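Grab a pencil and take a look at the protein below. A few short exercises follow, each with its solution worked out.

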Amino acid sequence: IVTSYRNTIPMTPINNQIAALPTIVLLTAALTSCIISVGLLLWGLIKAGPEFYNGQECEMTYSRFQFLPLRVVASDDLGYTKPGHSQRSLIGEEAFSNRYRLLKFTDARDPRHRHFYPISGSLIENYDTQSNPRKQQQNPGRFLELQDNWCLLPPDEKDEHVKNVPHPYRGHPVLYVPGHWGSFSQARSIGAHGTRWTGPYPKGSSDQEIYEQLFTGKDMHDGRISNDFAEGSTREIVDAILSSVKLLDDFVMDVYTLDFDGGEGGALHSSKLLRQAEFFAKAVATMIEACNIDDSKGGITIVAHSIGAWAVRIALKMHPHLLSKGWVRNVITLASPLGELPYAVDAGVRDIIRHLNDDNNDHGDICIISISAGLRDEMIPPESCQIPPSVVDSNGTVTETILVSTMVSAKENSVTHQSIESGFGMDHRAIVWCYAQLKRVREVIFSLVVTTDQGIEGKERRNIAKHILLQNFSLSSSFQSEVIAQRNRFLQQNSYYNAVAIQLAAPYHLNSLLKLIVL
């Protein structure tokens with residue numbers, strides 16, 4: 001019918017223009033949309049984005065770091081290799097070369113570790129070796145072995161083959177796991193809070209007092225506190241311990257870290273994530289052996305940044321003994337996409353995420369505290385940091401997700417209270433070195449260690465940690481409502497086009513930009 005109708009009408013130039021008008025309108029609209037999209041993107045990348053995502057809301061944490069390389073013990077030696085699998089078939093030979101390493105953070109001022117420095121020699125990672133790699137070729141040292149007693153076990157806890165050390169006063173073991181392209185050296189900030197030498201900021205003790213305490217071991221503790229400290233029920237004893245400012249000030253953490261080939265990217269390659277997970281499990285087993293931690297001693301606290309949390313969760317899934325034996329009971333994640341990864345291009349990565357979140361069969365007492373960096377995190381949106389409902393409070397796994405801005409501003413005497421409270425969090429990397437944020441993380445680790453040592457189960461440990469973190473905020477306020485309030489405040493303080501430009505500058509909005517251009 002249309003063809004017959006067209007044949008009856010002579011096609012004049014005017015008719016041709018009318019017929020082409022819809023096409024011209026569509027092309028004009030598409031071209032305008034592309035120009036606006038590209039313009040907003042360029043404005044976001046050049047001007048609006050850097051001003052928003054690179055705020056000056058945090059004070060840095062300082063340290064005089066010296067990372068000691070530690071020999072990781074073979075899984076066969078520790079007796080947890082899967083039946084029918086050898087060490088090589090599980091992880092790959094390359095994972096146990098110098099590509100993957102376990103290191104221990106030490107401060108040059110800490111007297112407990114100075115006798116290790118001549119042993120490790122130029123293998124020590126510090127400012128000099130990182131700025132001038134040639135120095136590592138001088139004075140060759142070796143990896144520290146279990147027999148060297150790098151965990152600083154006292155005579156009554158060590159085996160006969162373990163050496164005596166001058167200052168056998170260990171802190172609570174904390175293992176830091178870096179994320180995609182993350183460096184092991186990021187652990188220097190949380191390590192500084194472990195020793196309490198954090199830079200030019202107020203401390204509960206002076207530098208000399210800290211030195212004397214680490215030198216003599218007087219009053220310092222690793223979170224295992226005798227019940228003689230207070231009387232009453234377990235909860236009353238815990239409340240008395242956590243309310244003691246002196247006990248918190250005397251709490252010492254010994255921080256360890258993993259080096260994934262100098263910053264290997266695992267977010268885009270499932271095979272790398274699996275190798276990192278296997279090495280994480282091996283490192284945990286080594287630390288358990290070296291620090292003589294049994295089922296009753298609270299295990300190791302894990303602090304993971306970004307994608308590093310996926311390596312941790314994969315390891316807990318592939319090696320359930322890490323949970324069943326109580327080796328890992330408390331995990332703190334920093335800006336980690338536990339729910340979903342916004343830009344997973346490898347199908348294997350998506351399969352791993354779906355498997356972990358859809359089929360949770362973890363059987364162990366584990367508490368996961370997820371801290372989101374907020375809207376200023378240019379890599380991970382806040383919603384992705386929340387663990388899916390399928391994992392929450394299931395099979396012994398309990399979780400809590402908190403915005404870093406809420407956590408830090410809840411502490412009235414925070415050095416960045418005003419800037420954090422009026423802002424939108426911090427960028428993706430700042431969350432690992434921000435002084436005010438890590439100060440709160442230290443408090444949370446202390447509460448988790450104390451409650452674990454007192455035999456309190458994960459759900460109650462989570463509630464106590466949440467109470468410590470939020471303090472002056474309403475405990476009934478949900479993470480979702482906090483995120484919505486932050487987004488509303490963001491829209492109120494920015495014009496529509498500026499808000500769009502800022503969000504397009506974040507890599508996790510790349511899919512939205514591509515869809516807009518395609519449309």
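This is a predicted model, and the exercises deal with its confidence and its cysteines.

**Exercise 1.** Work out where the confidence is lowest and where it is highest.

*Solution.* Start with the overall picture: the mean pLDDT is 83, and 80% of the residues reach 70 or more. Next, go element by element: helix 4 (residues 87-91) has the lowest confidence, with a mean of 41, while strand 3 has the highest, at 98. Then check the stretches where pLDDT is below 50. Residues 1-6 form one of them, with zero contacts beyond near neighbours in sequence. Residues 79-96 form another, and there the model has 33 such contacts. A word of caution: where pLDDT is low, don't read the predicted coordinates in detail.

**Exercise 2.** Find which cysteines are joined by a disulfide, and say which parts of the chain they tie together.

*Solution.* Look for cysteine sulfur atoms within 2.5 Å of each other. C151 and C291 pass, with an S to S distance of 2.0 Å, and the count comes to one disulfide. Now look at the twist: the angle about the S-S bond is 105°, and the link is right-handed. Finally, place the two ends. C151 sits in the loop between helix 6 (127-131) and strand 3 (172-177), and C291 in the loop between helix 11 (270-290) and strand 5 (300-305), so the pair ties together parts that are 140 residues apart in sequence.

**Exercise 3.** Decide whether C151, C291, C367 and C385 are buried or exposed.

*Solution.* Buried means under 20% relative accessible area. C151 is at 1%, so it counts as buried. C291 is at 0% and is buried too. C367, at 0%, is buried, and C385, at 0%, is buried.

Technical notes. Residues are numbered from 1 along each chain as its sequence is written. This is a predicted model: local features need pLDDT of at least 70, side-chain atom pairs count only at pLDDT 80 or more; totals for chains, interfaces and linings use all residues. Side-chain values use heavy atoms; hydrogens and water are left out. Helices (H or I, at least four residues) and strands (E, at least two) are DSSP runs, numbered from the N terminus. Buried means under 20% relative accessible area, exposed over 50%, partly exposed in between (1.4 Å probe, protein chains only). pLDDT is the predictor's confidence in each residue, from 0 to 100. Contact means heavy atoms within 4.5 Å.
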